[in-house]
Amino acid sequence: MNVPTTDLLLSVRDLKVTYALPKGSLNAVDGASFDVPKGSIVGLVGESGCGKSTAARALTRVIADNAKITGGQAIFGGQDLVGLTDRQMNALRWRDISLVPQSAMNSLDPVCTVEAQLNEVLRKRGGMGRRDARMRSEELFEMVGIERGRLADYPHQFSGGMRQRVAIALALALNPRLVIADEPVTALDVIVQRQILDTLRDLQRELGISILMVTHDISVVAYICDRTVVMYAGQVVEEGAVADVLDRPGHPYAMGLRNAFPDLASAGSGVLTPIRGAPPNLAAPPPGCRFAPRCPFAESRCVDELPGPAAIAPGHIARCHRSGEAQALRHTAGTPETWMAEA
Ligand SMILES: Nc1ncnc2c1ncn2[C@@H]1O[C@H](COP(=O)(O)OP(=O)(O)OP(=O)(O)O)[C@@H](O)[C@H]1O
């Protein structure tokens with residue numbers, strides 16, 4: 001990517017995360033590289049099972065017991081997150097990097113008021129006194145658009161959208177530089193999705209933070225992100241500014257995703273064309289391009305040889321043997337029939 005390294009908040013290189021299975025293992029993230037510039041929202045997008053959550057969560061080490069980071073680097077503010085001890089990582093969590101989970105219902109404690117949960121972060125993690133914690137809680141509620149009087153409420157007293165706002169308040173409590181948001185609006189209806197995304201965008205601008213947004217929905221990326229990283233089967237297949245990747249995708253998978261989702265801004269009109277088939281089993285991925293079995297443009301080299309990432313324009317990378325022909329492929333990819341033929 002052609003952003004000066006001093007403008008990068010996070011630079012992930014060749015990250016590998018493996019899950020141990022009862023028999024063998026599965027490389028959920030298999031050499032992923034991408035960057036998060038300072039003060040930007042980066043969308044990590046791809047279908048379910050592509051390794052987005054695993055990659056994002058590995059950065060905070062909030063990963064399953066059977067998961068292991070088996071390679072790569074994640075340089076954040078000059079230090080490699082992969083090499084940190086648990087204690088060092090613990091010190092960074094909340095203060096420098098925080099997480100907004102997919103379902104706030106699962107992450108908020110149902111038996112504690114939200115103020116008690118904010119206190120846990122502000123007082124225990126942030127070392128604040130009672131008065132300061134109270135003032136900060138009120139400020140955070142104001143920032144995310146909830147009346148301060150509701151601090152004494154329990155999670156079940158909030159709607160789904162409000163709970164997500166509480167989760168955002170928690171994530172912002174100690175002024176982190178990077179917020180990782182894992183499908184933060186997936187469980188919400190489109191109107192509430194837009195409201196939450198607008199709030200996140202406003203806060204990101206106001207606070208100058210960066211957000212790594214994990215989503216399966218390319219319309220969320222189009223709505224809120226500055227840059228996007230497209231993941232397929234554990235690998236990054238395209239990365240670039242959102243306008244470039246959506247207007248001039250270089251990888252057929254990104255072309256297909258663009259056709260498959262309604263536009264969030266126009267509340268869903270137009271014909272949607274799904275990508276047929278499903279991502280490969282990551283315990284035994286195909287040897288060549290992992291998208292080849294579903295790609296309408298696959299040639300024999302695509303089946304045999306894994307393409308490397310290549311710059312197709314300044315700051316725009318794609319991992320496709322045919323990226324040199326992207327303009328012509330995009331033209332064909334715009335026709336629904338292209339995606340209907342059996343691969
Ligand atoms: N604890 C686990 N043990 C074994 N395999 C796992 C585990 N968690 C995830 N996986 C597998 O790792 C791969 C990547 O999953 P991951 O959740 O990171 O993908 P994702 O793109 O975020 O999808 P989703 O949006 O469905 O969470 C999938 O094949 C998934 O089945």
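## Burial and overall dimensions

In the protein chain, 44% of the 343 residues count as buried. The model is a predicted one. Mean pLDDT for the protein chain is 92, and 95% of its residues reach 70 or more. For the complex, the predictor gives an ipTM of 0.97 and a pTM of 0.94.

The radius of gyration of the protein chain is 21 Å; a compact globule of 343 residues would have a value near 20 Å, so the two agree. Along the principal axes, the C-alpha atoms of the protein chain fill a box of roughly 65 × 45 × 45 Å. Of the contacts between residues at least 6 apart in sequence, 68% join residues that are at least 24 apart. The secondary structure of the protein chain comprises twelve helices and twelve strands.

## The four-stranded sheet

One open sheet is built from four strands in the order β2-β1-β4-β5, and its pairing is antiparallel. Its edge strands are β2, covering 25–37, and β5, covering 79–80; each of these pairs on one side only.

Strand β1 spans residues 8–20 and pairs with β2 in the antiparallel sense over ten bridges. Two positions show how β1 and β2 are matched. Leu10 stands opposite Val36 in β2, and Val17 has Val29 in β2 as its bridge partner. β1 and β2 together form a hairpin, with four residues between them. Gly24 is in the turn of this hairpin and has a positive phi of about 85°.

## The eight-stranded sheet

A second open sheet has eight strands in the order β6-β7-β8-β3-β9-β10-β12-β11, and here the pairing is mixed. The edge strands are β6 and β11 (310–313), each of which pairs on one side only. From one strand to the next, the twist averages 25°.

At the β6 edge, β6 pairs with strand β7 (residues 178–182) in the parallel sense, over four bridges. Ser98 stands opposite Val179 in β7. Helix α10, residues 252–260, packs on the sheet and touches β3 (41–45), β9 and β10. The direction of α10 makes about 105° with that of β9.

## Packing of helices α4 and α5

Helix α4 (residues 114–125) packs against helix α5 (residues 130–144) at an angle of about 120°. The axes of α4 and α5 are 10 Å apart, and their crossing is right-handed.

Which residues bring α4 and α5 together? From α4, the contacts involve Glu115, Leu118, Asn119, Leu122 and Arg123. They meet Ala133, Arg136, Ser137 and Leu140 in α5.

## Two loop residues with positive phi

Trp94 lies in the loop between α2 (86–92) and β6 (97–100). Phi of Trp94 is near 75°, a positive value in a residue other than glycine. Is Trp94 buried or exposed? Trp94 counts as buried because 22 C-beta neighbours lie inside 10 Å, where the cut-off for burial is 20 or more.

Ala233 is placed in the loop between β9 (227–232) and β10 (235–241). Phi of Ala233 is also positive, near 50°, and this residue too is not a glycine. With 23 other C-beta atoms within 10 Å, Ala233 is buried. The two strands that flank Ala233, β9 and β10, are among those touched by α10.

## An exposed position in helix α12

Gln327 belongs to helix α12, which covers residues 326–333. Gln327 has 9 other C-beta atoms within 10 Å and is therefore exposed; the cut-off for an exposed residue is 12 or fewer. Between Gln327 and Thr186 there are 32 Å from C-alpha to C-alpha, and the two residues are 141 apart in sequence.

## Summary of the fold

The predicted model contains an antiparallel open sheet of four strands and an open sheet of eight strands with mixed pairing. Helix α10 packs on the eight-stranded sheet, while α4 and α5 pack against each other. Trp94 and Ala233 are buried loop residues, whereas Gln327 in α12 is exposed.

Terms used:
Residues are numbered from 1 along each chain as its sequence is written. This is a predicted model: local features need pLDDT of at least 70, side-chain atom pairs count only at pLDDT 80 or more; totals for chains, interfaces and linings use all residues. Two strands pair if DSSP finds at least two bridges between them. pLDDT is the predictor's confidence in each residue, from 0 to 100. The radius of gyration is taken over C-alpha atoms; the globule rule is 2.2 Å times the number of residues to the power 0.38. Two residues are in contact if their C-beta atoms, placed from the backbone, lie within 7 Å. Axes are lines fitted to C-alpha atoms, for helices over the stretch in contact, and angles run from 0 to 180 degrees between N-to-C directions. A crossing is left-handed if the near helix is turned anticlockwise from the far one by less than a right angle, and right-handed if clockwise.
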